[in-house]
Amino acid sequence: MSAQPELELQAERTSLSKEALKRSFLDNLFYIQGKFPALATRVDYYMALAYTVRDRMLQRWISTAAAYTAKGSRTVAYLSAEFLMGPHLGNNLLSLGIHDEVRQAIGELGLNFDELLAQEDEPGLGNGGLGRLAACYLDSLATLEIPALGYGIRYEFGIFQQEIAEGWQVERTDKWLRYGNPWEIARPEWVQQVKFGGRTEHSLDEHGRRSVRWLPGRIVNGVPYDTPILGYGNNTANTLRLWRAEAPEAFDVSTFNRGDYYGAVQQKITSENLSKILYPNDEQIQGKELRLEQQYFFVACSLQDMLRILKVQGIPLENFHRKFAVQLNDTHPAIAVAELMRLLVDEHGLRWSDAWSITRQTFAYTNHTLLPEALEQWPLALFGRVLPRHLEIVLEINARFLDEARLKFLGDEARIARLSLINEHGERYVRMANLACVGCHAINGVAELHSELLKQDVLRDFHALWPEKFSNKTNGITPRRWLMLANPRLSRLITSWIGPGWTRDLAQLRGLERVVDDPDFCSSWRDVKHSNKVAFARYVQQELGMTLDPHSMFDVLVKRIHEYKRQHLSILHVVALYLRLKDGRDADPVPRTFIYGGKAAPGYRMAKLMIKLINAVSSMINRDPATRERLRVVFVPNFSVRTGQRIYPCADLSEQVSTAGKEASGTGNMKFTLNGALTIGTLDGANIEIRAEVGAENFFLFGLSAAEVAALKAQGYSPAEVCRTQPQLQEVIDLIASGFFARGDSELFRPLLDSLLTHDPYLVLADFAAYADCQRVVAGAYADRDRWTRMSILNVARSGKFSADRAVREYLDDIWGAAPVPVRLISQDDIAGKLLQ
Ligand code: NBG
């Protein structure tokens with residue numbers, strides 16, 4: 001009798017039935033938000049729903065933790081300065097399999113489900129591809145039932161919110177935490193201390209061994225905030241653990257005692273600044289002390305947290321690398337190599353050689369860029385000031401490493417200088433990529449071409465030394481968020497023809513090839529795309545007051561704005577089309593809507609000017625009655641995970657037009673393909689593999705290859721010369737230069753045009769003719785409706801390789817060596833039983 005009500009309570013709080021969900025929702029509105037309907041805001045309703053879902057997640061989370069602890073399982077620790085998770089609510093509903101029930105339940109309560117979803121402030125704790133990749137991999141790890149922890153920083157302000165004012169980008173702070181975050185749980189009991197600055201003291205201990213003490217100038221606490229990451233359709237809930245900086249309790253006692261209360265408070269504020277803000281990328285980061293501090297902060301917290309877990313599970317320190325496979329997502333966490341050495345040698349008394357062996361077997365490094373200016377290095381003086389002990393360790397690692405390298409490369413001091421962890425040209429720098437290469441057992445690039453170029457170019461000396469460390473792991477995306485959640489219409493259609501197996505095994509999309517000739521299927525396929533375009537047009541109408549024609553081709557370019565990504569190549573072509581339409585020369589046979597989106601780093605002037613140019617062209621062209629039926633341009637502000645989910649499903653054409661050899665992989669390209677867009681693209685990054693998978697006949701290729709780019713540059717490239725020989729291009733440049741798009745201001749776009757005409761570092765003009773020709777081929781193909789539909793279906797059918805599940809499996813097989821640990825749900829009764837034992 002007595003256990004009965006508890007049992008019911010338990011079932012009620014975790015039940016997935018519609019009625020139980022409704023009751024929980026009202027309960028949470030009442031007891032958590034403290035509101036009744038007359039006073040409740042939409043945010044209150046969103047929160048009530050979020051907590052309703054969270055209850056259902058917690059049972060999985062606790063069960064997962066119990067299973068992992070009991071087994072002491074090998075765990076993947078993914079260290080990343082960025083996790084671009086996107087809105088949680090929809091994805092969690094999908095993982096729990098209650099999306100439809102909840103939609104219904106909310107509807108029956110007289111509320112609008114989509115409106116509630118829209119209330120969530122998405123955690124934009126990343127810049128773009130790199131952070132989103134981390135998020136996709138967490139999804140796959142949980143879905144594959146692999147014990148895994150994501151470790152990063154809980155930035156108070158994520159990537160800025162972009163607004164457009166008079167065509168210019170304006171940045172607004174991202175206050176994603178203003179209403180609280182229902183998806184996280186703070187774990188102050190697992191706080192970690194992080195030291196900064198000060199000096200070191202070397203001495204001999206009682207056994208005559210050298211020992212080092214680090215006497216820091218400052219200590220900052222790291223408080224972990226945990227977010228559960230559900231697997232799709234299983235009981236796994238892994239953890240994303242993000243660190244927030246906090247001043248230690250007794251803040252700066254000495255200052256305080258001197259009566260300098262405000263001075264002491266100032267110290268506290270300075271400490272907490274550490275996790276204040278995410279640095280936008282593509283900016284000069286050299287010398288930004290706070291960024292180095294951020295990197296060390298989250299790495300130090302995370303490694304100490306791993307040591308804590310080791311202790312709890314009774315695993316000896318010597319087995320650190322057996323318990324944890326630690327992946328460094330780019331060089332941002334590379335300081336971990338020196339920090340683990342410090343922890344093992346200085347704090348736990350291991351011998352250097354033993355510690356080094358553990359360290360090397362623990363870490364693996366993923367490189368994400370070929371741009372030389374993006375390779376992180378820290379001025380040695382700054383590094384030594386912030387991390388005096390780590391500088392000593394880096395120098396020691398370097399001395400031992402260079403001794404070893406000299407044996408292999410006798411007398412080749414130029415190569416030794418390139419391998420060195422210290423850049424000795426002029427001001428001395430610590431090279432983080434070199435530290436990562438030396439301290440890791442595995443190094444990978446993120447697409448085949450990128451991995452090859454790493455071996456030939458950026459990391460060639462390391463490849464010559466340790467070819468066996470290198471491999472390729474082509475990026476992937478999660479089909480749960482990027483197809484099931486973003487494009488429910490297409491998902492339903494696919495499932496109705498080939499069953500639901502593709503959601504966990506994306507290769508099964510191949511089954512669509514069997515029905516590619518079925519007229520019913522093809523016409524439903526077209527209907528889905530059309531409905532998605534109608535939905536997007538409605539959104540643009542609401543948000544921007546602009547009318548789009550869903551019958552026109554949606555030609556889309558969304559990603560960070562950067563010269564190497566060449567948004568300007570695309571917009572120059574729009575101007576060329578406009579000119580052709582205006583004077584009646586071979587008018588483009590299909591009406592087009594060009595859709596752009598993306599953020600520019602706040603300090604990147606050229607990128608901001610590119611946004612202004614897109615908007616300037618948009619506002620002139622859209623107003624011109626002579627062309628507006630055939631040509632429209634829209635810039636969608638604040639491109640984010642949320643807007644991405646709206647945009648990918650409505651695209652007909654995906655623009656992937658970076659200069660060959662510059663885009664490491666790209667992942668947006670995969671999201672478009674998976675949603676049935678065809679690609680116009682260069683032989684760059686993963687485009688090459690997409691083309692190989694979908695078939696050259698289903699891909700619009702143009703432009704110079706990476707080898708041709710290199711050859712042209714070597715031979716001496718003159719953009720002005722290109723312009724002289726191409727009257728069409730010259731006309732486009734002249735029109736922009738005349739001030740036509742800038743109310744007669746002929747100066748506004750001059751920096752952009754000057755750059756193109758004098759250096760053109762990314763070969764925009766060199767590729768222009770090929771791009772324009774290829775766009776003509778695209779237009780021809782689109783005019784043949786049935787052919788286009790077939791190509792679209794085949795793109796989706798053959799996109800299985802680009803699942804993050806495939807990518808994660810490759811990491812597991814070649815690098816991480818972790819195995820699935822299925823989770824059995826435990827109930828409160830099980831726990832109560834344990835307590836009473
Ligand atoms: C980016 C590359 C992309 C790649 C993502 C994910 C950085 C430093 N690199 O091409 O530019 O797809 O990483 O690997 O953000």
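Trainee: In this predicted model, where does Arg 566 lie?

Mentor: Good place to start, and do keep in mind that the model is predicted. Arg 566 is buried, with a relative accessible area of 0%. Its place in the chain is the loop between strand 20 and helix 23 (567-582).

Trainee: What is the phi of Arg 566?

Mentor: Most residues other than glycine have a negative phi. Arg 566 is not a glycine, yet its phi is positive, at about 65°.

Trainee: Glu 166 has a positive phi too; is Glu 166 buried or exposed?

Mentor: Glu 166 is not a glycine either, and its phi is about 50°. This residue sits in the loop between strand 5 (161-165) and strand 6 (168-172). Its relative accessibility is 71%, and the cut-off for exposed is over 50%, so Glu 166 counts as exposed.

Trainee: Let's go back to strand 20. Which residue of strand 23 is the bridge partner of Asp 555?

Mentor: Strand 20 covers residues 553-558 and runs parallel to strand 23, with 2 bridges between them. For Asp 555, the partner in strand 23 is Leu 653.

Trainee: Which strands are at the edges of the open sheet of 6 strands?

Mentor: The order in this sheet is 22-21-20-23-24-25, and the pairing is parallel. An edge strand pairs on one side only, and that applies to strand 22 (631-636) and strand 25 (700-701).

Trainee: There is also an open sheet of 3 strands. Why is one side of strand 15 and of strand 16 left without a neighbour in the sheet?

Mentor: The order there is 15-17-16, with antiparallel pairing. Strand 16 is joined to strand 17 (residues 429-431) by 2 bridges, and Ile 422 has Val 430 of strand 17 as its bridge partner. Strand 15 (377-379) and strand 16 (422-423) stand at the edges, so one side of each has no neighbour, as each has a single partner strand.

Trainee: Which residue of strand 19 stands opposite Asn 444?

Mentor: Look at strand 18 (residues 442-445): Ala 442 and Asn 444 point one way, Ile 443 and Gly 445 the other way, and all are buried. Strand 18 runs parallel to strand 14 (residues 363-366), with 3 bridges, and Tyr 365 stands opposite Ile 443. Strand 18 also runs parallel to strand 19 (residues 470-472), again through 3 bridges. Opposite Asn 444 in strand 19 you will find Ser 471.

Trainee: Now the rings. How many aromatic pairs are there, and why is the pair of Phe 401 and Phe 462 stacked?

Mentor: A search of the whole structure gives 22 aromatic pairs. In this one the ring centres are 6.1 Å apart and the planes are at 10°, and planes under 30 degrees apart count as stacked, so the pair is stacked. Phe 401 belongs to helix 15 (residues 388-408) and Phe 462 to helix 19 (residues 460-465), so the pair links distant parts of the chain. Both rings belong to buried residues, Phe 401 and Phe 462.

Trainee: What kind of pair do Tyr 648 and Phe 672 form?

Mentor: Both residues are buried. Their rings are 4.8 Å centre to centre with 80° between the planes, and the pair is edge-to-face.

Trainee: Helix 19 came up with Phe 462. Which side chain does Asp 461 of helix 19 contact?

Mentor: Asp 461 is buried, with a relative accessible area of 7%. A polar contact of 3.1 Å joins its side chain to that of Arg 415.

Trainee: Which ring does the charged end of Arg 308 sit over?

Mentor: A similar arrangement elsewhere has Lys 671 over the face of Trp 482, at 4.4 Å from the ring centre. For Arg 308, the charged end is 4.1 Å from the centre of the ring of Trp 190.

Trainee: Finally, how much of the ligand does the protein bury?

Mentor: There are 13 residues around the ligand, and among those that come nearest are His 368 and Asn 475. A polar side-chain atom of Glu 663 is 2.6 Å from a ligand oxygen atom, and a polar backbone atom of Ser 665 is 3.0 Å from one. Taken alone the ligand exposes 380 Å², and the share of that buried by the protein is 85%.

Notes. Residues numbered from 1 in each chain as written. Predicted model: local features only at pLDDT ≥ 70, side-chain atom pairs only at ≥ 80, totals over all residues. Heavy atoms only, no water. Phe/Tyr/Trp six-rings, centres within 6.5 Å; stacked < 30°, edge-to-face > 60°. Helix = DSSP H or I, 4+ residues; strand = E, 2+ residues; numbered from the N terminus. Buried < 20%, exposed > 50% of the residue type's maximum accessible area, 1.4 Å probe, protein only. Lys NZ or Arg CZ within 6 Å of the ring centre and 35° of its normal. Pairing = 2+ DSSP bridges. Near = heavy atom within 4 Å. Polar contact = N/O pair within 3.5 Å; in protein donor to acceptor, adjacent residues only side chain to side chain. Areas by Shrake-Rupley, 256 points an atom, 1.4 Å probe, with all protein chains shown as cover.
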